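Reader: Hey, could you walk me through this one? I'm new to reading structures, so plain words please.

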Amino acid sequence: MSVRIIRTRDWADPVAPARREVRTATPELPDDHKPPVLFVPGFGHGAWAYAEHWMEHAAGRGFAVHAVSPRGHGGSEPAPRATLRAYAHDVVQVAAALPHQAVLVGHGAGALVVAHALARYPARAGVLTAPVFGGWATLGLALRRNLFGTLPAAFGGRLRLARRQLFSRDLPEPAARGYLGRIGHASARAQWELLRARPPEQPVGDPPVLVVGTPDDRVVPRTALDNVARRYGGAPLLFPGMGHDLMLDARWQEPLDAILDWLEKGDH
Amino acid sequence: MSPSTANERFDPSTTLWRDGRPVYDRRDTVCVVGAGASGLAAVKNLREHGFGVDCYERETSVGGAWNWRHDRSPVYASTHLISSKPFTQFPDFPMPDTWPDYPHHSQLLSYLERYADHFDLKPHVWFGTEVVKVEPAEDSSWDVTTRSSGGYGSERTHRYLAVVLANGHNWAPKLPAYEGIDGFRGQTMHASAYKDAKELPGRKVLVVGGGNTGCDIAVEAATAASQTWHSTRRGYWYLPKYLLGRPTDQVNDRMLAARLPLGLRQWLAARTLRLTVGDQSRFGLPKPDHKVFETHPIANSQLIYHLGHGTITPVPDIRRFHRGSVELTDGRHIEPDVVVFATGYLPRFEFLAPEILGADEHGRPTLYLHMFPREHPTLAVTGLLQPDSGLFPLVHWQSVLIARWLRLRDRDLERAAAFWSRASADVGKRWNRARVKDSTRHWFEVSHFDYLKALQGALDELTPATATARSAR
């Protein structure tokens, strides 16, 4: 696969601007050697999902961190007809506005958005956590795990994720209910695009890519994790006993520390 | 990715000699001449491919042509982009989507400054340093001699693995010779010296040249001067900046994406212009003697508007100058106070022996893909293009190609030799489907679509073997 440089769609039909929510946490002692990190939430989630635990902790370790809500998510402008391309555009826009070359971290379908963004922005590194790269197998699994939450989505309606898909039993019930109440939904078009699973183009600038997940994920099967990791020439880093929402689940700190260690060690 | 320290840069133990002068060996480092858009893209992409880079810039900041703070910058106060944003930005560093379709030149400069900061390029740029000489050295390396801008201080010579020339082609004014111009009483200036409409109020102005600059200045003069004439050699197609509710170049690329053949696109464009703008000869303009897309596109919505208001008077070419007047080819005499020559610029490589770039009898380089001279695989030119779109996407992929090429030469001599022998067959080939009208610049006029297609082919050929293996797994 080679980098496609004739991009008539990007040229002739650029994505329209949208007001985007960006949350930022800066370390008390900024470390110039650490790249800025941009978190990208999955479908239905917003920047808030990272603001809950991950941003503060990463800032505490000396990283300047940001989280963007793609259009139609969190505090960003509503966008009922947004495409995956528009979400990736939002990520690239925010990344390019940061003072230095950033690391992109995506979760769930947000990892696919990051994978698309990596083809349009030479990130310092990419991190795909519990990546949902889509395809009909994803739908099959979701239907098996959560028939009535998923069925409407297959017909262009709302996707409703269940507690047992997203969180482990370790997460206290009120917290889980609170998070579930805040989860919205992506546009119907983007949901369809997820099923069609257009593979992302090759990343530009050859960034190192880390895949992080959990074998007990009820949204992303283990084989899907392996496939995504293989795509980028590696193996997934696994955290057993967690739910799909790694950044909200009870043991949120373990995967984050592993990601930050990887960033520090690799000098990305 | 820490910037190299001064000690690393000049290791006295590696000193070589050339003509009795010391040459400091920079070994695997690549030299980039110029820190404008093309130079910055080269620095970024060479660094991304793992090369050390020394970039020399004669001004004290980045931006090249867009750096309006220095004298050689061709921009004037009202310069806006001619191609819309998506065609103008680097493909991997978009401009803010809140910017207008056609940003102002000061936004372009801030964009380039942000690009340099974002990718941490400035530690690799030697500002206030000009390149005096670039000479081939042993083993296809290059000796580059530099000194402080303005000629102060001593000269230093460094030896480089390769040299990328990104010195731009919009800074050396081209002035046509006219009979009697020395005796002309009025003021004459090249567009490069024109900065602002403040110089014009109350004066009678003749603007020469039908290019984008000429049209822009004519439009400015129309709002400031007491009278404005606009002299062009031939009729041009003046495209409005917006057509069918979209930036015009985006409409054109939509047709390209639909794979419409050139002839049909030319017919459609001419038809659309006829229906919207109407017959240009009604405004006193000569009928274009060529089809759309056969000269460099001129995007100017206001020229026709001012012609319609009578604030610009179109006139033909100049025959000669008299003491108090200008004689036109139709025999008319006009009496301007100021004549602005928007007659373009010429590329110049005075630090390089002309035969190195394979210059022909007119001094035009003969290059493969407008980049590589036949005899020197470690020398490349970037940005020597006049595309029918913005330049930055093209120079970006040019510099990616250079980086990949140098990598391949380093790692796989056999594949490199195969590529070079195939490339040699295409030296001097032009990348434009339309038959471009002759002018001093037409030889580097390219269609962005055709040119990028050729670049795509070359890039695919140079894809590193490891990457192919990885994506095949």
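**Strands, helices and contacts**

Author: Sure. This is a predicted model. In chain A, strand 4 and strand 5 (residues 125–129) run parallel and are joined by five bridges.

Reader: Ok, so who is the bridge partner of Leu104(A) in strand 5 of chain A?

Author: That's Gly126(A).

Reader: What holds strands together like that anyway?

Author: Strands of a sheet pair through backbone hydrogen bonds, and the pairing can be parallel or antiparallel.

Reader: And which way does strand 4 of chain A pair with strand 2 of chain A, parallel or antiparallel?

Author: Parallel, over four bridges; strand 2 of chain A covers residues 37–40. Val37(A) stands opposite Val103(A) of strand 4 there.

Reader: How many residues of strand 4 of chain A are buried?

Author: Five of its five, so to speak the whole run 103–107. On one side you have Val103(A), Val105(A) and His107(A), and on the other Leu104(A) and Gly106(A), all of them buried.

Reader: Why do the residues split between two sides like that?

Author: Because in a regular strand the side chains alternate between the two faces of the sheet.

Reader: Neat. What do strand 4, helix 5 and strand 5 of chain A make together?

Author: A right-handed β-α-β unit, with helix 5 of chain A spanning residues 109–118.

Reader: Switching to helix 11 of chain A: which of its residues are buried?

Author: Helix 11 of chain A runs over residues 222–231, and its buried residues are Ala224(A), Leu225(A), Val228(A) and Ala229(A). Seen down the helix axis, these buried residues fall within an arc of 135°, so they line one face of helix 11 of chain A.

Reader: How can residues that aren't neighbours in sequence point the same way?

Author: An α-helix has 3.6 residues a turn, so residues three or four places apart point the same way.

Reader: And what do the buried residues of helix 11 of chain A pack against?

Author: They pack against strand 5 and strand 6 (209–213) of chain A. Just after the helix comes Gly233(A), which takes a positive phi of about 75°.

Reader: What about Pro172(A), is it buried or exposed?

Author: Exposed, because the Pro172(A) count is 11 other C-beta atoms within 10 Å, and 12 or fewer is the cut-off for exposed. Pro172(A) lies in the loop between helix 8 (163–166) and helix 9 (173–182) of chain A.

Reader: Ok, on to chain B. Which domains is chain B divided into?

Author: Domain 1 takes 6–172 + 346–472, and domain 2 takes 181–341. Their centres, taken over C-alpha atoms, are 32 Å apart.

Reader: How many residues of each domain are in contact?

Author: 21 residues of domain 1 of chain B are in contact with 20 residues of domain 2 of chain B. The domain 1 side has nine nonpolar, six polar and six charged residues.

Reader: What's the order of the open sheet of three strands in chain B?

Author: The order is 18-19-20, with antiparallel pairing. Strand 18 (318–321) and strand 20 (333–334) of chain B are the edge strands, and each pairs on one side only. Two bridges join strand 19 (residues 326–328) to strand 20 of chain B, where Glu327(B) has His333(B) as its bridge partner.

Reader: Last one: how many residues does each chain give to the contact between chains A and B?

Author: Chain B gives 30 and chain A gives 28. On the chain B side, the largest share, seven residues, comes from helix 11 of chain B. That side has 13 nonpolar, six polar and 11 charged residues.

Notes
Residues numbered from 1 in each chain as written. Chains lettered and ligands numbered in written order. Predicted model: local features only at pLDDT ≥ 70, side-chain atom pairs only at ≥ 80, totals over all residues. Contact = placed C-beta atoms within 7 Å. Nonpolar A, V, L, I, M, F, W, Y, C, P; charged D, E, K, R; others polar. Buried ≥ 20, exposed ≤ 12 C-beta atoms within 10 Å, placed from the backbone. Pairing = 2+ DSSP bridges. Right-handed = clockwise from strand over helix to strand, strands pointing away. Domains from an automatic or database assignment. Arc of directions from axis to C-beta.
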